[in-house]
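Me: I have a model open here and would like to talk through its fold and helix packing. Could you take me through it step by step?

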Amino acid sequence: MTVLAEVRHLIRKEIILEWRNRHALNGILLYLVSTIFICYLAVISRQHNISPGTWNALFWIIMLFSAVNAVAKSFIQVAPGRMLYYYTLAGPEAIIISKILYNSVLLAAIGLIGALFYGIVLGNPVSDPGLFILVIILGGSGLASVLTMVSGIASKASHSTMLMAILSFPVLVPLLLLIIKTTGHAIDGLGFPIAFDELAGLAALNLSALAMSWILFPYLWKN
Amino acid sequence: MRIAWWKWLGMVLIYYTIIAGFLIPVPRIPIVHESVRNQFFHVSMWFAMMTMLTTSLILSVRYLKSGKARHDIIASEFANMGIVFGVLGICTGSVWARFTWGAWWISDPKLNGAAICMLIYFAYVILRGSIEDRQLRARISAVYNIFAWSTLIPLLVILPRMTDSLHPGSGGNPGFNVYDLDNNLRLVFYPSVIAWTLLGVWITELRVRTKTIENIEIA
């Protein structure tokens, strides 16, 4: 089987598993919604509105924590026997790529749902929704590529949930800064060409994280 | 006891850095004045840190290729030494900033980049601490070392050059770039880089030797 075919089958398997196991998905959504609601209550308890800069930063912080929780399960809460079984069926490259692609879609969906709810409760300063949606999709796949790989690393150690956060946060900083800057452009609404450099940077970061995962993941799982 | 020539060289250069660094006449650059001497400590320690961390990366790559425990020990000790230089670099920079800019810490791409870099290597140390099995620890931490270095360090080098900054050497500030570097400064600066790097290699060598002995005792 070629890598492409393996990736296709593995993604199909991820979707079926997620659908059969809906409480995990619902858990992430509830996590997202309750975090947003807490932020909303915390903000309005002292003031009535929030500046666009703070809106932007708060949204991506919420996304960061939701993403860590959503992706953590891709390697951490999987029974070791099942992992072994996958490895007999497919190559390591196919496994990591399929996980990253699946998590990209998951995080993009979480981001869109989160943005919708966040905009409803905290107001919506974004004047260029198209660009904002593009940033959510690109940013989601960037978060997914780094976090999936880190989740693979953290799953091998004890205290893996705590490790997941401390290993990934510093690596994610450049990505998050770029995302927040691009979202700032979407809020200002000065048009697509101004944000082009940042979008290209985001795409480049995604590709480099993907390439590093492709090269390094085979070393992670062989025993 | 026989001491290798490069250790003598390191010792001599450290004394030279400290004595000459405080005594030679330095050019009067506005704002910076005498604090330009910090270049022999702060800047050269960052250089030494980058050397340590890059060596650690190379050893991690070699470990993944070879699987020899020795490469893993050297990689982790170079990372530890890089952390020491990083912390010293942050401290010397912070003291300098207090007397030149008036604050211990300001928001600046170079400063924030340095802080993130430290966070990564602290995470590396914690990751190593939380895996019991020695071979697994070696392999996983090598993977993290390479992954973190390759996604982050190039950006830390590129990003500060794309944005304006208060830091000497960028944004038109008087600094340590080629045009400002006085011949007297050069006379101490280049040896000081070598001095701190050699000191770092020496400490790392001692630590690698003790770790290797500990490893033999366990095995």
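**Fold and packing**

Reply: Read along the sequence, chain A follows the pattern α-α-α-α-α-α-α-α, and its secondary structure comes to eight helices and zero strands. Please keep in mind that this is a predicted model.

Me: What radius of gyration does chain A have, and what would a compact globule with 223 residues have?

Reply: Chain A has a radius of gyration of 18 Å, which agrees with the value near 17 Å for a compact globule with 223 residues. Along the principal axes, the C-alpha atoms of chain A fill a box of roughly 55 × 35 × 30 Å.

Me: And how much of chain A is buried?

Reply: Buried residues make up 40% of the 223 residues in chain A. As for contacts in chain A with a separation of 6 or more, 85% of them are accounted for by residues 24 or more positions apart.

Me: Now the helices. At what angle do H1(A) and H5(A) pack?

Reply: Helix H1 (residues 3-20) of chain A packs against helix H5 (residues 92-122) of chain A at an angle of about 50°, with the axes 8 Å apart. The angle is why H1(A) counts as oblique to H5(A), and the crossing of the two is right-handed.

Me: Which residues in H1(A) and H5(A) meet there?

Reply: From H1(A) the contact involves Val3(A), Glu6(A), Val7(A), Leu10(A), Ile11(A) and Glu14(A), which meet residues in H5(A) including Ile95(A), Ile97(A), Leu101(A) and Tyr102(A). By class, this contact of H1(A) with H5(A) has nine nonpolar, one polar and three charged residues.

Me: How do H5(A) and H6(A) cross?

Reply: The axes of H5(A) and helix H6 (residues 129-154) of chain A come within 7 Å and cross at roughly 140°, so H5(A) is oblique to H6(A). H5(A) passes H6(A) in a right-handed crossing. Among the residues that meet are Leu107(A), Ala108(A) and Gly111(A) in H5(A), and Ile137(A), Gly140(A) and Ala144(A) in H6(A). The residues of this contact divide into eleven nonpolar, seven polar and one charged.

Me: Switching to the interface, how many residues does the contact take from chain B and from chain A?

Reply: The contact takes 22 residues from chain B and 20 residues from chain A. On the side of chain B that touches chain A, the elements giving two or more residues are helix H4 (109-129) and helix H5 (134-162) of chain B, and H5(B) supplies the largest share, 13 residues.

Me: What classes do the residues on that side of chain B divide into?

Reply: The residues of the side of chain B that touches chain A divide into 18 nonpolar, three polar and one charged.

Technical notes: Residues are numbered from 1 along each chain as its sequence is written. Chains are lettered from A and ligands numbered from 1 in the order in which they are written. This is a predicted model: local features need pLDDT of at least 70, side-chain atom pairs count only at pLDDT 80 or more; totals for chains, interfaces and linings use all residues. Axes are lines fitted to C-alpha atoms, for helices over the stretch in contact, and angles run from 0 to 180 degrees between N-to-C directions. Helices (H or I, at least four residues) and strands (E, at least two) are DSSP runs, numbered from the N terminus. Angles under 35 degrees count as roughly parallel, over 145 as roughly antiparallel, 65 to 115 as roughly perpendicular and the rest as oblique. A crossing is left-handed if the near helix is turned anticlockwise from the far one by less than a right angle, and right-handed if clockwise. Two residues are in contact if their C-beta atoms, placed from the backbone, lie within 7 Å. Ala, Val, Leu, Ile, Met, Phe, Trp, Tyr, Cys and Pro count as nonpolar, Asp, Glu, Lys and Arg as charged, and the others, Gly among them, as polar. The radius of gyration is taken over C-alpha atoms; the globule rule is 2.2 Å times the number of residues to the power 0.38. A residue is buried if 20 or more other C-beta atoms lie within 10 Å of its own, exposed if 12 or fewer, and partly exposed in between; C-beta atoms are placed from the backbone.
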